[in-house]
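Notebook open, coffee poured. I wanted a quick look around this model before going back to the bench.

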Amino acid sequence: MQQLTDTDADFDKDRVFELAAELFSILSTPTRLRILNALCDKEKSVSELLAEIDTTQPNLSQHLNLLYRAGVLAKRKEGTQVYYRVQSEQAVALCRTVCTQIAIELDQPEGVPSSRRLSPWRS
């Protein structure tokens, strides 16, 4: 990672790190990553998500609500159904990049030099 310096821009580095940590915290659970993966291509109802993600309805709703409040997801209501979709394409791209790299490392551990590994754990 390129080090942030005072000459790069006029910003509060501490605030940048706080907001980055907040985003990583929001994306830090496997269930939330599964939700983002399920919503990458199209919006889905809560019942459709529940059929794809192995969790309870209250747990799924808590994760969806957190992602919605953080601005990662958007939602709309149609009758009794609530539909969720990706709001932050940047957050999804970040998750996709990280998960793809880790999948490569798990699939081909000898093909990725340790200096290029994202995951410190060996498969």
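I took accessible areas from the Shrake-Rupley method with a 1.4 Å probe, where for residues only the protein chains shown count as cover. I noted that this is a predicted model, where local features need pLDDT of at least 70, side-chain atom pairs count only at pLDDT 80 or more, and totals for chains, interfaces and linings use all residues. Residues are numbered from 1 along each chain as its sequence is written, and side-chain values use heavy atoms, with hydrogens and water left out.

**Whole chain.** I found about 8,700 Å² exposed by the protein chain, with carbon and sulfur atoms supplying 51% of it. Of its 123 residues, 26% are buried (under 20% relative accessible area; exposed is over 50%, partly exposed in between, 1.4 Å probe, protein chains only). I counted 5 helices and 3 strands, taken as DSSP runs numbered from the N terminus (helices H or I, at least four residues; strands E, at least two). Their order along the sequence is α-α-β-α-α-β-β-α.

**Helix 1.** I looked at residues 13–26, which make up this helix of 14 residues. Its C-alpha span, first to last, is 20 Å, close to the 20 Å expected at 1.5 Å a residue (1.5 Å times one less than the number of residues). Phe11 sits in the segment before helix 1 and counts as partly exposed because its relative accessible area is 32%.

**Cys99.** Is this residue buried or partly exposed? I have it as partly exposed, because its relative accessibility is 40%. Cys99 belongs to helix 5, residues 89–107. Leu33 is 66 residues away from Cys99 in sequence, yet their C-alpha atoms are 9.1 Å apart.
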